[in-house]
Each structure stands twice: as structure tokens, then as C-alpha cells.
Amino acid sequence: MFSASLLCPGMPLPASQRSAPQLVLPVACEIGASCLIQKLVDHDTGPGRRDYRCGTLTTDGHDGIDIRLRTMQDMAQGYAVIAAAAGVVLRVRDGEPDISSRLRTVRDGRDAGNGVVIAHGGGWETQYSHLKSGSVAVRPGQRIEAGERLGLVGLSGNSEFPHLHFSVRLNGGAIDPFTGGPAPAACGPRSDSQALWKPKTASALRYVGTTVISAGLASAAPARSVAERAGATTQISRDASLLLWVDAIGARDGDVQHFSIAGPDGKAVHSQQVRVDSGGLSWFAFSGKKAPPNGWSGGRYIGSYTLKREGVTVANAVASVVVR
Ligand SMILES: [Zn+2]
């Protein structure tokens, strides 16, 4: 039913699309380093999920892009949300608290939390959601340049981890900035010329369907929800259990994960291979063992995690902790 508005690669763009804003990354962060893409726009019209590359880096009905931070400490440090293109501020909201949606008791319809909407002309709008409480730095009617600071990445509204939900609309309809076309639409390999990103931004936004968000060595598994986690463990006692935990995006049923922990002498003190039995957009796993009867030797322990798919490494991480 969307065939009338479908864009085929190679077709000339309609006038509205030619006036599309060229976008920069709306967070002042480095994709793959200080921030990650957790979710893309859903192109599946049914109850399933399918991103623009026919992968599953999305949830049913997701109409934007989630650019996430790895930890709450990163959120406290402060990452600026910036205007993806020049325009005029249409609406703002601030004052919603930064709490995990799992702990949120009020259901007031303010799922976007604190946010900003910018009009770019020609019916184009961008929206920036889940901003940090008290951080919104612009007001309605204000003219904004691309890259200008709007606020900070936060956890307000319906959010379980610190991130920016960024959405693009044309005349009120969702547009996937990775395709420049309407969503839902057919997925598949597409001509980059249809993407709305500026070339430099597009090259930083390489598609990564599986990756590790964070990993650590600790004496106990941390809370599954990033928003409810304490800071990273840097030291544990000799008689404590030692385990390697990992948070990943896009682990799949049948993937094989290998956990290993090496002691200060470089020798393995723990090694375990575990098959992923369901996977999903978010994946949390850990493996470890109790301290030996006389306790661990003191020094630095290194944990290594590898996720393999049909024998090929698709994600990995290294973490360390000092035993004293
Ligand atoms: Zn989102």
C-alpha cells in the first residue's frame, strides 16, 4: 500500500526530497567509540522488525534512530545533542526526570521525555527525544544552525538506557535518514545518494548489526539494566568470585560466545564456551567462577569475550580488574 511513495534506487528524487536537509550526526560523540547505534527505523509493516539493511537492529514500529551512550557515567559526563541541520525550533519540553522506564511509575504519555523539534522548511522536521532533565538550551522560535547545541543526552521519558531517539519527518510522516525515503519501505542495499546524511557523517555511520556495548570483570553480575548499574568495578578481593559480564547488541540464536579470564601470570583461570539460545537486540551474559580455597593471586586479571557466528568473530571485548 506504500508502493505509490516507494523510491527505487536510480529513480530521480521528487521535489520534496531534493529539498531534504543534509544531516550531521545529532550527538557530539564518535560512533563505535563514545556512542553506538542501538536501533534503526523499522521497515516491517507487520508485527516483525526489519531495519533498512534487512537486519534486525530495530523494534516493531520504531520510527527513529537510537544513538546510545554505554554507561550512566557517560551520561553524567555529558554528551551534547546537536541540531542535525539548520532550522527553527518549533517545540521544546524539559523537566521530565531521568529515570529508567522500568522504574517509571507515571504513565503520562510523555514517552519522548524532554525534547526539541526543529522545522527545516519544505515540511521537513527533526525531533530529539529523551534529553537530560534541565539540559534543553533552546526555545521555540529560535533560529538554529547545524551543530548547535540543543541539550544533553539523557534518560527521560520511555527510556531504559541513556540515548537520543532521533526522528526525521516529512509532512508528518516518518523518514528513515539512512534511505531518505519513507518508512516503512522495502529494505535492502540502497544507493547512498538517497541517504540524508552529509557524506562525512554517512561514512561514520557504517552499519554494525552486532557489537559489544560494555563488558567488565566483577565479583557479581551487575544489574541487567544499564540505568540501574553502579560504576565499573576496578578492584575485587582475593576471596571473591570472579566473573566476566558483557552487554551486547544483536547476538543471534546459535552464536557461540567464549568467556576467558587470565590471571596476572597470563595463564587462564577460567574458560567457558556458551551457545546463545535466543539472542535479540539486547543481550546480557556472564560467566565466571568462585575463588580457589586459598584465594586468587594478587594482580591484574584480564577477561576476554568473543562472539562467533559460523566460526567468524562478530563481536569481542576485553576487560580487566585488580585483585588485592
Ligand atoms: Zn528510539
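**Exercise 1. Determine what share of the contacts with a separation of 6 or more joins residues 24 or more positions apart, and describe the overall dimensions of the protein.**

Solution. In this predicted model, 69% of the contacts with a separation of 6 or more are accounted for by residues 24 or more positions apart. The secondary structure comprises three helices and 19 strands. Next, consider the dimensions: along the principal axes, the C-alpha trace spans about 75 × 45 × 35 Å. The radius of gyration is 22 Å, which agrees with the value near 20 Å for a compact globule of 324 residues. Finally, 40% of the 324 residues are buried.

**Exercise 2. State the domain division, and characterise the side of domain 1 that touches domain 2.**

Solution. Step one is the division itself: the domain assignment gives domain 1 as 3-204 and domain 2 as 211-323. Their C-alpha centres lie 32 Å apart. Step two is the contact between them, in which 15 residues of domain 1 meet 12 residues of domain 2. Strand E1 (35-39) and helix H2 (72-77) are the elements that give two or more residues to the side of domain 1 that touches domain 2. Of these, E1 gives the most, with three residues. Step three is composition: this side of domain 1 divides into five nonpolar, six polar and four charged residues.

**Exercise 3. Establish whether strand E14 is enclosed or open, and identify the strands with which E14 pairs.**

Solution. Begin with burial. Strand E14 covers residues 242-252, and 10 of its 11 residues are buried, so E14 is largely enclosed by the rest of the structure. Now turn to the pairing. Strand E12 (residues 211-218) pairs with E14 in the antiparallel sense over seven bridges. Within E14, Leu244 is the bridge partner of Leu217. E14 is also joined to strand E17 (residues 279-289) by 10 bridges, again in an antiparallel arrangement. Here Ala248 stands opposite Trp283 in E17.

**Exercise 4. Identify the residues of the largest nonpolar core that touch the most other members, and trace where the core comes from.**

Solution. As background, nonpolar side chains tend to be buried together in soluble globular proteins. The largest nonpolar core in this model has 73 residues, among which Val27, Val81, Leu244 and Ala248 touch the most other members. E14 supplies the largest share of this core, eight residues. Both domains take part, since at least three residues are drawn from each of domain 1 (3-204) and domain 2 (211-323). Val27 illustrates the contacts of one such residue: leaving out residues up to four places away in sequence, Val27 touches Cys35, Ile67, Tyr79, Val81, Ile82, Val153 and Leu164. Val81 thus appears both among the contacts of Val27 and among the core residues that touch the most other members.

**Exercise 5. Contrast the surroundings of Val323 and Ala268.**

Solution. Locate each residue: Val323 is in strand E19 (residues 312-323), whereas Ala268 is in strand E16 (residues 268-275). Next, apply the burial criterion, under which 20 or more other C-beta atoms within 10 Å make a residue buried and 12 or fewer make a residue exposed. Val323 has 22 such atoms and is therefore buried. Ala268 has 10 C-beta neighbours inside 10 Å and therefore counts as exposed.

Then list the contacts, not counting residues up to four places away in sequence. Val323 touches Ile236, Arg238, Trp296, Gly298, Gly299 and Tyr301. Ala268 is in contact with Ser260, Ile261 and Ala262. Two C-alpha distances complete the comparison. Val323 and Trp296, 27 residues apart along the chain, have C-alpha atoms separated by 7.4 Å. For Ala268 and Ile302, 34 residues apart along the chain, the separation is 9.3 Å.

**Exercise 6. Describe the phi values of Asn171 and Glu310, and state where these residues are found.**

Solution. Most residues other than glycine have a negative phi. Asn171 has a positive phi, near 50°. Phi of Glu310 is likewise positive and near 50°. As to position, Asn171 lies in the loop between strand E9 (163-170) and strand E10 (173-176). Glu310 occupies the loop between strand E18 (299-309) and E19. The last step is exposure: Asn171 is exposed, with 10 other C-beta atoms within 10 Å, and Glu310 counts as exposed with 8 C-beta neighbours inside 10 Å.

Note on methods: Residues are numbered from 1 along each chain as its sequence is written. This is a predicted model: local features need pLDDT of at least 70, side-chain atom pairs count only at pLDDT 80 or more; totals for chains, interfaces and linings use all residues. Domain bounds come from an automatic or database domain assignment. Two residues are in contact if their C-beta atoms, placed from the backbone, lie within 7 Å. Helices (H or I, at least four residues) and strands (E, at least two) are DSSP runs, numbered from the N terminus. Ala, Val, Leu, Ile, Met, Phe, Trp, Tyr, Cys and Pro count as nonpolar, Asp, Glu, Lys and Arg as charged, and the others, Gly among them, as polar. Two strands pair if DSSP finds at least two bridges between them. The radius of gyration is taken over C-alpha atoms; the globule rule is 2.2 Å times the number of residues to the power 0.38. A nonpolar core is a set of buried Ala, Val, Leu, Ile, Met, Phe, Trp, Tyr and Cys residues joined through C-beta atoms within 7 Å.
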